[in-house]
Amino acid sequence: MKVKQIFDAITEVRDEYIEEARTTQLKKSAIAWKKWTMIVAACIVMAIGIRGAYSLPDLLPFGGKAGGSGSGHGESSTFMSYAGPAFPLTLSQPDNTVTATRNIIYDFSLPNEDSIRVWGANVEDRYTLINSSTEEKNIEAVYPFIGSFNDLKELIPTITVNGQKEHPALYAGGYSGGEKLDSWEGYKALLEDGSYQSNAFAADPVLSQPVTVYAFTDFEAPLEYEAATQAISFNIDPDKTTILHYGFNGIDIGDNGFRRYSYFVPKDIRMEKDIKLLVIIGEDIKDYSLQGYKNGACERGNELEGVSSTVTRKEQILSDVMGEVINHFFTNYDDGNSLAVSQEMFLGAVTEFMVHYGLLSDNARDHYQYGVLEDVILETYSLKRVFYLKFQVSVPVGESVLVTAKMRKNPSYDFICSGTDNKGIQGYDMVARLGSNLHFDALTAELTSTQNIEIVRQNYGFNLSQGVTEVELDLNNEHYYLEIRPVEQ
């Protein structure tokens with residue numbers, strides 16, 4: 001019998017995982033075991049080299065000394081880790097009697113934790129809304145921003161209207177699908193037809209399928225075997241049965257529907273989940289066998305007696321199971337602060353991912369075909385997406401209202417171990433019109449607290465050596481970029 005073994009190991013190194021290892025000193029990782037995985041991932045990359053899929057920029061020579069304007073080229077750099085642009089404000093419903101001017105301010109006064117190098121910028125994105133109609137306008141404004149559930153608390157903007165703090169409703173856009181979000185053009189392809197935003201405001205799918213759940217608890221194994229393993233084996237008809245699992249470390253897939261799921265028996269010295277779940281969708285499994293092994297090699301001759309657990313079978317609705325799994329995941333592997341939204345909202349995002357791209361879709365992508373629920377949760381948690389803040393604004397007749405979005409903006413950058421010429425350079429960019437139905441009468445930009453940076457490349461028109469830190473921009477230009485390098489004083 002041919003058996004394909006799939007182990008709980010690093011087989012692919014995702015860009016955002018490398019990024020998290022790169023910025024470990026900048027922010028604390030909330031999920032302890034994931035932090036170690038990220039560090040291992042970064043070490044692997046340094047050992048084998050950066051994957052060839054990255055397109056490195058053809059860099060021109062750097063600009064002048066600190067405080068200079070910086071020489072530029074026609075396009076922004078292609079960074080390995082792309083933070084994404086600042087988006088313009090938009091309205092839920094177009095209204096041609098409401099116009100706007102926009103002023104975006106980058107403040108580089110916030111140092112990195114070592115208090116020497118700048119890392120990231122504080123951004124104020126200001127809009128003056130003007131009502132040219134003969135009646136008061138009560139409009140619903142929408143502010144898009146880029147982030148993930150992982151960094152939401154750090155990156156979510158604060159919205160004020162005429163200086164008063166708003167409490168906007170938060171909506172999460174879905175997975176980008178086939179769009180690569182490694183450049184502003186990727187976001188343009190994702191957002192320009194409006195469907196991504198519409199889907200973010202639509203109701204999430206519901207996992208209403210009845211399922212059979214096998215729960216494993218009360219584990220026992222001989223103490224002298226540090227990697228003692230238990231495996232459950234059975235046969236299924238893949239056309240009639242789909243299996244999701246949580247808490248397992250290995251999968252064997254063989255001919256004639258053979259399946260074997262294995263896990264290391266939890267011990268105090270090893271961080272293992274205290275529950276293991278097999279979630280059966282469709283036809284239930286029939287006869288199954290349980291076998292202990294001395295380690296994760298579930299093969300003949302490696303059996304181990306004295307390995308046991310309690311197996312409980314129950315019938316549930318899949319959405320209820322996923323809610324329990326998500327709750328267990330964040331209760332056991334989180335410091336209580338990293339899930340910045342309600343569990344209901346996160347469950348909706350997980351559901352959307354499973355239905356459209358996971359094992360419940362018609363064509364499961366990548367390794368999601370193996371039904372690993374930890375992968376689904378972590379991907380949903382860490383994937384970069386566009387979020388939306390929705391809030392009400394009243395604009396009196398013939399008057400204006402100031403709407404401000406204040407946020408932390410992380411830079412785009414190349415990884416330290418890459419050896420590219422972009423070492424130490426941080427990129428910040430914004431789009432003038434993408435995704436917005438507002439008519440803009442003017443667009444301006446400012447830089448503040450620039451004493452610790454030099455401009456390397458840009459298309460704004462700033463000139464630090466001549467004191468030009470405020471510029472008026474061309475509304476016909478879709479994309480503006482600023483690339484800076486911190487300097488030590």
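**Two crossing helices, a cavity and a pocket**

Helix α7 (residues 343–356) packs against helix α8 (residues 373–382) at an angle of about 115°, and their axes lie 9 Å apart. Helices here are DSSP runs of H or I with at least four residues, strands are E runs of at least two, and both are numbered from the N terminus; axes are lines fitted to C-alpha atoms over the stretch in contact, with angles running from 0 to 180 degrees between N-to-C directions. That angle makes α7 roughly perpendicular to α8 (under 35 degrees is roughly parallel, over 145 roughly antiparallel, 65 to 115 roughly perpendicular, and the rest oblique). From α7, the contact takes in Phe 346, Ala 349, Val 350, Phe 353 and Met 354, and from α8 Leu 373, Val 376, Ile 377, Glu 379, Thr 380 and Tyr 381, contact meaning heavy atoms within 4.5 Å. By class, the contact has 9 nonpolar, 1 polar and 1 charged residues (Ala, Val, Leu, Ile, Met, Phe, Trp, Tyr, Cys and Pro are nonpolar, Asp, Glu, Lys and Arg charged, the others, Gly among them, polar).

The model is a predicted one, in which local features need pLDDT of at least 70 and side-chain atom pairs pLDDT 80 or more, while totals for chains, interfaces and linings use all residues. Numbering starts from 1 along each chain as its sequence is written, and side-chain values use heavy atoms, leaving out hydrogens and water.

Next come the empty spaces. On a 1 Å grid over the protein atoms alone, a cavity is a set of points where a 1.4 Å probe fits but cannot get out; a pocket is an open set with protein on both sides within 12 Å along at least five of seven lines, and lining residues have an atom within 4 Å of a point. The largest cavity has a volume (the space filled by probe spheres set on the points) of about 50 Å³. Among its lining residues are Met 354, Leu 373 and Val 376.

The second largest pocket, at about 520 Å³, is lined by 25 residues, with Ala 172, Gly 174, Asn 199, Ala 200 and Glu 352 nearest its centre. Its lining divides into 14 nonpolar, 8 polar and 3 charged residues. Ala 172 sits in strand β8, and its C-alpha atom is 9.3 Å from that of Gly 348, 176 residues away along the chain.
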